[in-house]
Amino acid sequence: MMTSKEIRQSFLDYFASKGHKIVPSAPMVIKDDPTLMFTNAGMNQFKNIILGNDPIKYPRVADSQKCLRVSGKHNDLEEVGHDTYHHTMFEMLGNWSFGDYFKKEAIDFAWEYLTEVLHLDKDRLYVTVFEGAPAEGLQRDDEAADFWAQHIDRNRIINGNKHDNFWEMGDTGPCGPCSEIHIDLRSEEERAKVDGKSLVNADHPQVIEIWNNVFMQYNRKADGSLESLPNKVIDTGMGFERLCMALQGKQSNYDTDVFQPMLKKIGEICHCTYGADKDVDVAMRVIADHIRTIAFSITDGQLPSNAKAGYVIRRILRRAVRYGYTFLEQRAAFMYKLIPQLIEDMGGAYPELKAQQTLIEKVIKEEEDAFLRTLETGIRLLDKVMEDTRKQGKTVISGKDAFTLYDTYGFPLDLTELILRENQLTVDEEEFKVEMDKQKTRARNAAAVETGDWVVVREGDCEFVGYDSLQCETRILRYRKVKQKNNEFYQIVLETTPFYAEMGGQVGDAGWLGDVEIIDTKRENNLAVHLAKQMPQNVEEVLVAKVNEQKRVATACNHSATHLLHEALREVLGTHVEQKGSYVTPDTLRFDFSHFQKLTPEEIRQVEVLTNQKIRANYPLDEHRNLPIAEAKAMGAMALFGEKYGDSVRVIRFGTSAELCGGTHVKATGQIGMLRIISESSIAAGVRRVEAVTAEGAEKMAYAQQEMIETVRQFFNNAPDLVQTIKKSIEENATLKKQIEDFVQEKVMRIREVLLEKSTEVNGVKLIQLQGDYAPDMVRSLVSYFRGKFAEERFLFVAGTVHEGKPSLTIFLSQPLVDAGMNAVNMVREAAKNIQGGGGGQPFMAQAGGKNPDGIHAALQAVVAMVEAL
């Protein structure tokens, strides 16, 4: 039996023998494509070639690509764990042809590899072809069917509808019919009873698709019409995990050697056995799948967060923690302990796992701990909701309450339902669904973008000249109108541009195209797209493109400073420091890096000093363009995990600092002037963030600090030794504060004695009332005293005060009164109506504020009346 590692290698070896260039997997996290957060198919890294924006370097390519499908069109998340073949992170084996071979060769290759190399049983295979869509003028893919008929009986060639057998990149763009290969893994007895053909694309767990061959031959325009692609593309994808299941004779992906070692490790840590209980099995599958996704995302530079891709990863991690919490009785962090097993399973193919093991473990553990605290908070809140529901005589809790728990506290609905069942309650699922739909509608409306078709003015490719010039003559290649959030703007592609398009953490340039303002420059499908609120009057004429020099220079200062800062951090803290992200604008720079503790003030100052020494050294820019990546690494240039580099790269050197970088930089470091760090903080476990300013920004910061010092000095009559003067003032203030506290305590004691003398007894309750202008601290001090003195008596203290114009009501009940059924919260809420306020607290003590000081006396009388009514 072939192992999973042997299967992966056999695929690559086969296509290498057919003239394919074997390329490495691209990162799973996508950073420079606004239309995608994650690589969800093998074709993503070749998207720009397919769109015609990048040249075809290798007409035949093959690889094994790590993919993630959890959101959008390919949303498999909720199915993961419940069936045996869906995953979040999976490997896609694929082969591509860019304008080289087409349907016949793709079909021949697929059949030969599956049946002659892997020796899969031909009688267990079925294929599908596109049945056509007459409404769109699309005929059945008879061409593919005829090629398949050379290998397989026509009775096993199945027509598939547009949903299953017509692949589209998006609402617009390349598309075409596809042909799937399915395999029937059922027993001979089951196959004899039911024909496998009837189970194709019927969600049967043992009759599954293993390979999809996409024949891209059309381009979908914004109006929905189709036009032929000039270069036809073959794009195939085969699920690695499913292929392993078929070859290893298993009934589930999770029974293969891809997952079994991890499932055994989960069993060891959680003291459970896979296969013994249905719910436990689901939980173990969820965790075995999700740990891969989380770890690979972190290695690619995407940390869990509350926004965009980071939110998706946090959601996946929390789903795994929740299954462990609910079904495996895991009340403490445990998933981080699985990383050594993951490295053992996949570290050979993906060495970045081992290289970043410490970071992965720390991030996951911190996220687990945080979510477990959230779960505890959610359970307490749910307890309160259940209590209130029962008091109302109901057995169904509000869907709105359940949605609040889900949306605000991350408390999942199925866990809410589980706890409710244990307490003989249910939830209004329809109301929950309504609230969820409202949220989704809000999100869709916020993100809705209407994009028109490109208007092609002339054919050509965009050339970037912005490294050498901030101004050039150019012509418009194409443009289109875009609507987003009721705003209209234009996207413009130029023949030649000096504008840097946002990439690698550096913001895009602004400036002018003729007399039209360019407000930003984005990178879309590897094209520099210039954003403008209007178009030039004549789109055919030659125009002058001019970058805003002031902003560009300021941005370049900040970008070059990040390189020097990175090197200084490694020199001060150690070579474990690696860049985890950056953001560079004209105004500031932000640099994220791996480090496991807060920087001390001395370390921050040392980093600043070293960076500024490098700035004053005035190192000239040493730039190497189109350098083979092997040469770049030999020069010592730092490559970042999670970045996809081509065969040729750009190296930026300043002194001993050398990095692979495509951004804009100063001509010499002296141009930066100075760097000042303005903050240092944690953004995740093991990841710190430094924010800094340079050049004019550092100068403004120095002026602001100097002005602040002068202002403070004036407060102290221009004292020559400001530090000693402030220190003395603080000491004097502390002494005076102590004297005031002593005075207050004396006053409290006097008031306390007076109140005790004026205490009354009502219905067997000792009652003390306080009314007047008293500070909250004084009231709390009295409560503390009375709580100790009357712990065993039936005692009530009520204070109605107006301090600094704000009315306040405080009620304290001794434990005997609470045991008798009295509740300070209910009492204070009722009495506070007299001061137009509300409050809360605990059964023994509650407080309320209000808007009507004149109602304090009535509020006190209301409390007395409640005692009289006992």
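This report describes the cores, ring pairs, strands, helices and loops of a predicted model.

## Basis of the description

The model is predicted, and local features need pLDDT of at least 70, side-chain atom pairs count only at pLDDT 80 or more, while totals for chains, interfaces and linings use all residues. Residues are numbered from 1 along each chain as its sequence is written, and side-chain values use heavy atoms, with hydrogens and water left out.

## Nonpolar cores

The largest nonpolar core (a set of buried Ala, Val, Leu, Ile, Met, Phe, Trp, Tyr and Cys residues joined through side-chain atoms within 4.5 Å) holds 118 residues, and Leu114 and Trp211 have the most contacts inside it. Helix α9, residues 278-299, gives the most to this core, with 12 residues. Apart from it lies another core, of 44 residues, among them Val762, Val798, Phe812 and Met822. Here buried means under 20% relative accessible area, exposed over 50%, and partly exposed in between, with a 1.4 Å probe and protein chains only; helices (H or I, at least four residues) and strands (E, at least two) are DSSP runs numbered from the N terminus.

Not counting residues up to four places away in sequence, Trp211 is in contact (heavy atoms within 4.5 Å) with residues including Phe11, Phe15, Tyr113, Leu114 and Met238. Trp211 also belongs to a cluster in which ring pairs link it with Phe11, Tyr14, Phe15, Tyr101, Phe109 and Tyr113.

## Aromatic pairs and charges over rings

A search of the whole structure finds 32 aromatic pairs, where rings of Phe, Tyr and Trp (its six-membered ring) pair if their centres lie within 6.5 Å, and planes under 30 degrees apart count as stacked, over 60 as edge-to-face and the rest as tilted. Tyr254 and Phe259 form a tilted pair, 4.7 Å centre to centre with 45 degrees between the planes, and both of these residues are buried. Phe403 and Phe432 form an edge-to-face pair, 5.8 Å centre to centre with 65 degrees between the planes. This pair links distant parts of the chain, since Phe403 lies in helix α14 (residues 399-409) and Phe432 in helix α16 (residues 429-447), 29 residues apart.

Arg650 lies over the face of Tyr467, at 3.6 Å from the ring centre, and the charged end of Arg752 sits over the ring of Tyr785, 3.8 Å from its centre; such a charge has NZ of Lys or CZ of Arg within 6 Å of the ring centre and within 35 degrees of the ring normal.

## Helix α21 and a hairpin

Helix α21 has 36 residues, 722-757, and its end C-alpha atoms are 52 Å apart, which agrees with the span of 52 Å expected at 1.5 Å a residue, taken as 1.5 Å times one less than the number of residues. Among its buried residues are Leu722, Val748 and Arg752, and the buried residues of α21 pack against α20, β31, α22 and β32.

Strands β23 (residues 579-584) and β24 (residues 589-594) pair in the antiparallel sense over 5 bridges, where pairing requires that DSSP finds at least two bridges between the strands. They form a hairpin with 4 residues between them, and Ser582 stands opposite Phe591 in β24.

## Two loop residues with positive phi

Most residues other than glycine have a negative phi. His119, in the loop between α3 and β4, has a positive phi near 60 degrees and counts as exposed at 62% relative accessibility. Gln836, in the loop between α24 and β34, has a positive phi of about 55 degrees and is exposed, with a relative accessible area of 52%.
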